[in-house]
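Biologist: Could you take a close look at one part of this model for me, the aromatic side chains, and then work outwards to what surrounds them? A connected account would suit me best.

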Amino acid sequence: MNLYFKKSLSSFLPILFVMPSIGQVKAPLSAKPAALQCEHLVNPIGIDAPKPRLSWLMTDTRQHAKQTAYRIVVGRDSVAVSKKKGNSWDSGKTNSAVALLNYAGEPLDAFTKYFWTVELWDKDGKLAGHAPIASFETGMTTADHWKGVWISDGNDVNKRPASYFRKTFEPAKQVKSARAYIAAAGLYELYLNGKKVGNHRLDPMYTRFDKRNLYVSYDVTAQLQKGSNAIGVLLGNGWYNHQAIAVWNFDKAAWRARPAFCMDLRITYTDGTTTVITSDKDWKTSLSPVISNNIYTAEHYDFRLEQPGWNTADFNDHKWDPVVIRKAPSELVVSQAMQPIRNVKEIPVKSMKKFDDTTYVFDLGQNISGVTKIRVKGAEGTILRLKHGERLYGNGRVDLSNIDVYYRPKDQTDPFQTDILTLSGKGELEFMPKFNYKGFQYVEVTSNKPIQLSKESITGYFMHSDVAPKGKISSSNPLIDRLWWATNNSYLSNLMGYPTDCPQREKNGWTGDGHFAIETGLFNFDGITVYEKWLADHRDEQKPNGVLPDIIPTGGWGYGTANGTDWTSTIAIIPWNIYLFYGDSQLLADSYGSMKKYVDYITQISPNGLTTFGRGDWVPVKSKSDLEYTSSTYYFVDATILYKTAKLLGKQADYEHYLKLAEKIKTSINDKYFNAETGIYASGVQTELSVALQWGLVPEGLKLKVAENLAKRVAADGMHLDVGVLGAKAILNALSDNGQAETAYKLAAQDTYPSWGWWIVNGATTLYENWDIKAERDISLNHMMFGEIGGWFFKGLGGIHPDEQQPGFKRIQLRPNFVSGLDHFSAEHEGPYGKIISAWKRSGNKVIYTVTIPANSDAVVNFPIKPGKKVYQNGKVIAPKITLGAGVYQFEIA
């Protein structure tokens with residue numbers, strides 16, 4: 001429930017007045033509802049939420065445009081809903097500017113499609129234009145509705161080949177609609193009558209399989225045919241049956257077993273009756289040509305073992321085996337209501353080098369997460385190896401030494417990031433892995449027999465959670481633009497249904513990497529559904545005493561001594577940022593109990609307000625920061641978010657308790673580590689000064705002094721970074737938010753070692769794991785832990801900030817910085833109310849600043865005015881701080 005909207009509307013809604021009746025004359029055509037979503041998805045199916053969230057925005061280009069009232073109509077009949085008649089819920093005209101709320105009508109039935117629309121009244125009290133009819137469809141809603149049983153092939157966990165499963169059926173009557181619901185422990189591809197269902201990759205998303213499993217819903221109406229039909233399922237290992245051995249011990253996970261699945265195909269006939277085709281003992285199974293599949297290493301395929309037509313109705317399966325019925329992996333099977341993984345972008349090969357008839361190296365021109373597709377001809381029995389890597393040796397061959405460091409193979413049968421194909425000799429063949437992805441730029445193809453390949457033989461596919469773009473920046477500095485692009489490449493490469501650290505050597509959901517990059521992610525992409533899923537993983541992994549591991553999900557690794565506040569503060573930081581960016585308090589409410597247990601645990605082991613529970617400023621350039629100081633700072637952050645959330649949720653006693661705790665922690669840190677006379681924290685290195693400013697430790701009157709010391713320290717360090725991951729998160733914000741934006745920009749635009757730009761000028765298309773390109777360890781070339789800079793561009797240069805009191809950019813805080821070294825800069829962010837644009841350019845001695853504020857929101861603008869300069873609007877001098885309603889505005893600073 002979005003309690004924020006129930007409890008705090010009065011703090012920011014416009015003054016409301018009695019509106020005319022629903023028959024009111026409509027507003028100008030520029031005003032209308034748009035972007036209708038349910039559970040932050042467009043027309044989703046398989047929704048389990050009993051009171052799903054509905055949201056929209058108003059498109060209205062007029063100045064001061066706003067919504068003064070809404071009416072939501074929900075029903076099962078699209079025609080009736082289009083006429084504003086809903087038999088499930090009619091909210092009636094409600095005087096409010098809210099654009100996100102929970103369904104509050106009749107209880108929702110399972111397997112039912114609901115249509116909905118919204119009417120809006122504009123700033124003049126006139127009815128806006130029509131919204132399109134949107135829909136959402138409920139899924140199982142409860143476990144009782146499942147009819148199928150969990151089935152497997154009964155093989156041992158060490159059996160390498162993936163298995164086929166099939167069943168035939170014949171609809172009894174004329175089909176009106178059909179939905180497939182499938183849950184799997186492992187990974188699957190689903191087929192109907194020979195064709196794959198949908199375009200998702202790596203379904204279902206990875207969870208703590210013995211706590212919670214996900215099912216996916218598909219509309220398969222168009223794939224059914226008259227007469228006999230066939231369902232086919234190909235089942236892979238994924239993270240469930242981790243056969244490869246690495247330092248993370250996933251091969252020892254408590255849940256590990258041979259993959260299994262459960263499926264219901266629910267058919268509704270034109271006469272209103274239904275039937276369900278289920279996974280049961282009548283299915284049959286056979287081993288497939290996927291002779292080895294490992295999410296961590298690669299996939300092996302033998303074309304000689306293909307069974308053409310295995311997933312069609314007329315295939316002869318008399319040699320196939322019966323299936324084994326088994327227990328469900330967990331008691332909780334819930335809908336995968338989130339953006340899926342897809343092959344989002346096709347990447348053609350940029351160049352190819354042929355060494356001889358058995359050795360070729362392909363270069364995609366950029367580092368990606370994903371897979372390659374190869375088209376190849378060769379004699380029967382020809383074996384190809386496709387090695388994927390990020391670097392080349394001096395001789396031009398692919399080098400895996402920076403990414404295979406944590407793999408502990410028992411033998412050489414499953415080499416790292418190397419697909420192995422055995423050809424059948426039957427013309428041109430095509431292969432793309434189904435149950436694996438890799439991190440790579442280069443592909444080395446070797447063969448035991450001569451083959452002929454061209455540049456077009458290989459195609460790369462950039463594969464990640466298919467989240468919609470939400471942000472864009474552009475500037476007069478090509479390095480800045482390229483760095484923003486590379487940061488986004490790393491972010492997307494590490495979004496696979498959960499945020500990861502890297503797509504090759506680990507693929508782990510490192511908690512620190514996740515929250516270091518949260519603002520970059522949310523400024524640039526619509527990631528809420530992925531983060532809501534990942535925080536559910538957090539709740540599954542939390543120990544009864546409150547402790548969290550530092551990789552989530554985990555098979556058991558990560559509950560050591562260093563999994564402390566600086567990393568596992570994800571439990572508080574991510575829900576809080578989702579609230580700030582979306583104005584949606586659902587994740588805070590869902591995570592509140594876990595946040596509380598977590599903070600209580602730290603308090604138990606840290607009674608004096610200081611803690612050493614943490615990993616520290618990982619991979620610094622040279623200077624080390626005090627572990628107690630940085631860990632205690634994140635303890636303060638968690639306690640602060642907890643007391644603010646308690647207040648938001650109406651938990652007064654908790655609010656008072658954790659407010660006092662936060663004050664105690666802050667006092668303890670400042671008493672021990674802050675010299676108020678000098679304005680120095682701890683030993684005064686960049687990270688130690690930065691985190692105090694970033695996280696609100698500095699007493700109000702001393703912020704500028706501490707920031708000045710930080711700027712001096714950066715200058716003393718040669719205008720270069722001297723930070724690890726904690727400092728990289730904090731330093732640019734600490735400077736630009738406290739009067740030192742010029743220094744922040746110089747760091748961001750630096751192109752010599754150590755800097756973000758140093759990577760770019762040396763050819764990086766993603767972010768690295770180490771400032772030192774030639775580091776002997778910690779040198780993955782596609783990491784996100786230094787990725788805060790991608791969010792800082794929006795904040796530190798464009799000046800776009802959410803407002804804690806009116807979140808979701810209901811009120812936008814604009815604090816641009818017109819830094820030297822840039823002739824122009826533009827930042828755009830598509831927030832819940834529409835597109836925000838903050839753009840500036842130089843014109844002689846003037847700066848021209850243009851702002852776009854979407855309908856139904858407003859903004860507070862703070863201009864950075866230097867001595868002797870003034871702000872002009874329409875030729876008149878205005879105050880350096882102003883509040884603006886929706887619309888487009890232009891100012892001059894001269």
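**Aromatic rings and their surroundings**

Modeller: Happy to! Let me begin with two rings, those of Y491 and F525, both of which are buried (under 20% relative accessible area, with exposed meaning over 50% and partly exposed in between, for a 1.4 Å probe and protein chains only). Please keep in mind that this is a predicted model, in which local features need pLDDT of at least 70 and side-chain atom pairs pLDDT 80 or more, while totals for chains, interfaces and linings use all residues. Numbering starts from 1 along each chain as its sequence is written, and side-chain values use heavy atoms, without hydrogens or water.

There are 54 aromatic pairs in the structure. One of them is W146 with Y215, an edge-to-face pair with 5.4 Å between centres and 90 degrees between planes. Rings of Phe, Tyr and Trp (its six-membered ring) pair if their centres lie within 6.5 Å; planes under 30 degrees apart are stacked, over 60 edge-to-face, and the rest tilted. This pair joins distant parts of the chain, 69 residues apart: W146 lies in the loop between β8 (134-138) and β9 (150-152), and Y215 in strand β14 (residues 213-219). Helices (H or I, at least four residues) and strands (E, at least two) are DSSP runs, numbered from the N terminus. W146 counts as buried because its relative accessibility is 15%, and Y215 is buried too, at 0%. Back to Y491 and F525: their ring centres are 5.6 Å apart and their planes at 5 degrees, so this pair is stacked. It too links distant parts of the chain, with Y491 in helix α3 (residues 478-493) and F525 in the loop between α5 (518-524) and α6 (528-541), 34 residues apart.

Some rings carry a charge over them, meaning that NZ of Lys or CZ of Arg is within 6 Å of the ring centre and within 35 degrees of the ring normal. R397 places its charged end over the ring of F355, 5.8 Å from the centre, and K543 does so over Y559 at 4.4 Å.

One aromatic cluster is made of Y206, F209, W239, Y240, F250, W255 and Y498, which brings us to empty space. On a 1 Å grid over the protein atoms alone, a cavity is a set of points where a 1.4 Å probe fits but cannot get out, whereas a pocket is an open set with protein on both sides within 12 Å along at least five of seven lines; lining residues have an atom within 4 Å of a point. Points are joined across faces, edges and corners, and a volume is the space filled by probe spheres set on them. Of four cavities of 30 Å³ or more, the largest has a volume of about 120 Å³. It is lined by 14 residues, and L187, L202, Y206, W239 and I295 are the closest to its centre. Y206 and W239 thus belong to the cluster as well as to this lining.

Further along, the largest pocket holds about 1200 Å³ of space. Among its 31 lining residues, K644, Q694, D737, E804 and R815 are the closest to its centre. At least two lining residues each come from α8 (570-582), α10 (627-648), α12 (686-694), α14 (725-736) and β37 (800-802), and α10 gives the most, with six.
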